[in-house]
Amino acid sequence: AVRSRLGKKGTYRTSVEFSSNVEEAVIPPGAEVESPDDHMVGDLAHIRAPSLLSLASLEGMSGILRLHRDERDILIYLRKGSIVDVEEPWTQTSRRMLVAQICQWETGHFEFSLCEVDRPDHIGVPTPALLLQLAQLQDEKVRRVA
């Protein structure tokens with residue numbers, strides 16, 4: 001779980017705790033999880049998707065990040081810190097558009113399961129570069145509206 005609290009100096013202190021009580025739905029059939037303790041769960045109001053993806057990239061993490069909000073479930077597959085695939089059942093939205101959408105979510109929940117990911121790389125761009133591209137597109141969109 002991710003917990004944030006306001007410290008004495010007016011700054012937020014955030015901690016990440018690993019939990020073994022994660023829904024089985026996080027791990028698709030065929031994925032092998034390293035151990036039941038290799039999970040992170042939390043609230044997107046405390047730690048947003050771009051921060052989670054940046055952390056995974058910096059640490060070279062492999063696994064499946066499940067993001068849930070309202071009736072939506074989006075799975076992001078990471079291999080050695082790079083996003084290699086993104087899927088949402090019953091949608092035709094492009095992979096990059098799905099990442100762009102979850103980067104804007106301010107509420108919802110996440111579950112990250114560390115495991116080996118054996119999927120083709122459908123993204124083809126390192127995670128930091130993808131996040132930068134998406135941030136620039138969002139910035140341009142905001143400027144056009146203003």
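How much accessible surface does the chain have, and what share of it belongs to carbon and sulfur atoms? In this predicted model, the total comes to about 9,100 Å², with 50% of that belonging to carbon and sulfur. The chain runs to 146 residues, and 37% of them count as buried. Looking at contacts between residues at least 6 apart in sequence, 62% join residues at least 24 apart.

On to the layout. The chain has seven strands and three helices, and reading from the N terminus the order is β-β-β-α-β-β-β-α-β-α. So much for the outline; the interior comes next.

Nonpolar side chains tend to be buried together in soluble globular proteins. Here, the largest nonpolar core has 29 residues, and the members that touch the most others are L53, L65, L67, I76 and I102. Two or more residues apiece come from α1 (49–59), β4 (63–69), β5 (72–79), β6 (82–87), α2 (95–104), β7 (109–114) and α3 (127–145). Of these, α2 gives the most, with five residues. A second core sits separate from that one; it has six residues, I64, L75, V84 and V117 among them.

L53 is a handy place to look at the main core up close. Setting aside neighbours within four places in sequence, its contacts are L65, I76, L78, I83, V99, I102, T127 and L131. L53 also turns up where two of the helices meet: along with A49 and P50 it represents α1, facing V99, I102 and C103 of α2. By class, that contact is made of six nonpolar residues, with no polar and no charged ones. As for geometry, two packed helices are described by the angle between their axes and the distance between the axes. For α1 and α2, the angle is about 115° and the axes are 7 Å apart.

One of the partners of L53 is T127, a residue of helix α3. Is T127 buried or exposed? Its relative accessible area is just 1%, under the 20% cut-off, so T127 counts as buried. Its side chain still finds a polar partner, reaching the backbone oxygen of G81 at 3.0 Å. Beyond four places in sequence, T127 is in contact with L53, S57, G81, S82 and I83.

S62 makes for another case of a buried residue with a polar side-chain contact. S62 belongs to the loop between α1 and β4, and at 15% relative accessibility it falls under the 20% limit and therefore counts as buried. What does S62 touch, once residues up to four places away are left out? The answer is L78, R79, K80, F112, S113, L114 and C115. With K80 there is a polar contact as well: a polar atom of the S62 side chain lies 2.7 Å from the K80 backbone nitrogen. Further along the chain, D118 is 56 residues away from S62, with 9.9 Å between the two C-alpha atoms.

Finally, a couple of loop residues have backbone angles worth a look. Which phi value does D70 take? Phi of D70 is near 55°, which is positive even though the residue is not glycine. D70 is in the loop between β4 and β5, and its relative accessibility of 60% is over the 50% cut-off, so D70 counts as exposed. W90, likewise a residue other than glycine, also has a positive phi, near 65°. W90 is located in the loop between β6 and α2. Why does W90 count as exposed? Because its relative accessible area is 88%, over the 50% needed.

Notes. Residues numbered from 1 in each chain as written. Predicted model: local features only at pLDDT ≥ 70, side-chain atom pairs only at ≥ 80, totals over all residues. Heavy atoms only, no water. Helix = DSSP H or I, 4+ residues; strand = E, 2+ residues; numbered from the N terminus. Buried < 20%, exposed > 50% of the residue type's maximum accessible area, 1.4 Å probe, protein only. Contact = heavy atoms within 4.5 Å. Areas by Shrake-Rupley, 256 points an atom, 1.4 Å probe, with all protein chains shown as cover. Core = buried A, V, L, I, M, F, W, Y, C linked by side-chain atoms within 4.5 Å. Axes fitted to C-alpha atoms, helices over the stretch in contact; angles between N-to-C directions. Nonpolar A, V, L, I, M, F, W, Y, C, P; charged D, E, K, R; others polar. Polar contact = N/O pair within 3.5 Å; in protein donor to acceptor, adjacent residues only side chain to side chain.
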